[in-house]
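Q: Could you take one part of this model and go through it closely, with the cut-offs behind each term? I would like a connected account rather than a list.

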Amino acid sequence: MTANEDQEMELEALRSIYEGDDCFKELSPVSFQFRIGDLEDSKSFLLEVSWPENYPETAPHISLDAFFNNRISLETKQYILSKLSEQVEANLGTAMMYTLFEWAKENQETLMENHQPVTSAVTLISNSDVVNNSTSVSKKKEKKEQLTKAQKRKLIGRTDNKGELPRGWNWVDVIKVS
């Protein structure tokens with residue numbers, strides 16, 4: 001079998017196995033994303049895998065550069081990639097995507113055991129940005145509530161030319177029935 005035939009067969013297998021699974025996403029016929037763990041789980045991560053021309057004879061490209069992984073430290077990413085590359089070496093020459101994804105799911109705790117969520121990011125801000133931000137915040141406070149067209153029509157129908165409700169708009173009629 002040629003590399004392309006192997007890729008076609010593995011692609012069909014992946015589509016049938018992960019159909020309806022929101023953890024698996026096919027970006028292109030040779031590029032995939034697989035989320036390990038739940039969305040709310042701080043120890044979840046997103047694997048991006050793409051196949052080179054001669055896959056599975058050649059190792060796939062595995063990346064953790066997705067924005068989803070920005071809270072994971074560089075050391076943890078390197079550890080995950082090194083462990084995954086060991087699995088790739090063991091399975092070289094065979095269809096390995098399912099094996100890699102399942103291995104990562106089974107070993108998620110081990111892979112993320114030293115994970116400390118990165119909560120603070122260093123950003124460089126100039127003084128003009130700070131001044132601009134403070135003025136835009138005060139402008140936002142002055143902004144009036146936005147009304148829909150229907151709400152505006154209803155309000156206009158009830159108000160006079162000054163935008164005030166007419167005297168007695170909320171009075172209740174008292175009718176004496178004899």
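A: What follows looks at the sheet first and then at the aromatic rings.

This is a predicted model, in which local features need pLDDT of at least 70 and side-chain atom pairs count only at pLDDT 80 or more, while totals for chains, interfaces and linings use all residues. Residues are numbered from 1 along each chain as its sequence is written, and side-chain values use heavy atoms, with hydrogens and water left out.

Four strands make up an open, antiparallel sheet in the order E1-E2-E3-E4; helices (H or I, at least four residues) and strands (E, at least two) are DSSP runs numbered from the N terminus, and two strands pair if DSSP finds at least two bridges between them. E1 and E4 (61–63) each have a single partner strand and stand at the edges, so one side of each is left without a neighbour in the sheet. Neighbouring strands are turned by 20° against each other on average, direction ignored, where axes are lines fitted to C-alpha atoms, for helices over the stretch in contact, and angles run from 0 to 180 degrees between N-to-C directions.

Going through the pairings in turn, E1 and E2 run antiparallel with four bridges between them, and a hairpin of two residues connects E1 to E2. Phenylalanine 24 has phenylalanine 34 of E2 opposite it. Between E2 and E3 there are six bridges, again antiparallel, and arginine 35 has leucine 46 of E3 as its bridge partner. E3 (residues 45–50) is joined to E4 by three bridges, with glutamate 48 opposite serine 63 in E4. Helix H3 packs on the sheet, touching E1, E2, E3 and E4, and its direction makes about 20° with that of E2; contact here means heavy atoms within 4.5 Å.

E2 is mostly covered, with six of its six residues buried, where buried means under 20% relative accessible area, exposed over 50% and partly exposed in between (1.4 Å probe, protein chains only). Ser31, Gln33 and Arg35 are buried on one side of E2, and Phe32, Phe34 and Ile36 are buried on the other.

Now to the rings: Phe, Tyr and Trp (its six-membered ring) pair if their centres lie within 6.5 Å, with planes under 30 degrees apart counted as stacked, over 60 as edge-to-face and the rest as tilted. By this rule there are 10 aromatic pairs. In one of them, tyrosine 18 and phenylalanine 34 meet edge-to-face, at 5.1 Å centre to centre and 65° between the planes. This pair links distant parts of the chain, 16 residues apart: tyrosine 18 lies in the loop between helix H1 (3–17) and E1 (24–28), and phenylalanine 34 in E2 (residues 31–36). Tyrosine 18 counts as buried because its relative accessibility is 4%, and phenylalanine 34 counts as buried because its value is 0%.

Tyrosine 18 also pairs with tyrosine 98, and this pair is tilted because the ring centres lie 6.2 Å apart with the planes at 40°. Here the link spans 80 residues, from the loop between H1 and E1 to H3 (residues 97–106). Tyrosine 98, at 40% relative accessibility, counts as partly exposed. Tyr18, Phe34 and Tyr98 belong to one aromatic cluster, which also includes Phe24, Phe32, Trp51, Tyr55 and Phe101.
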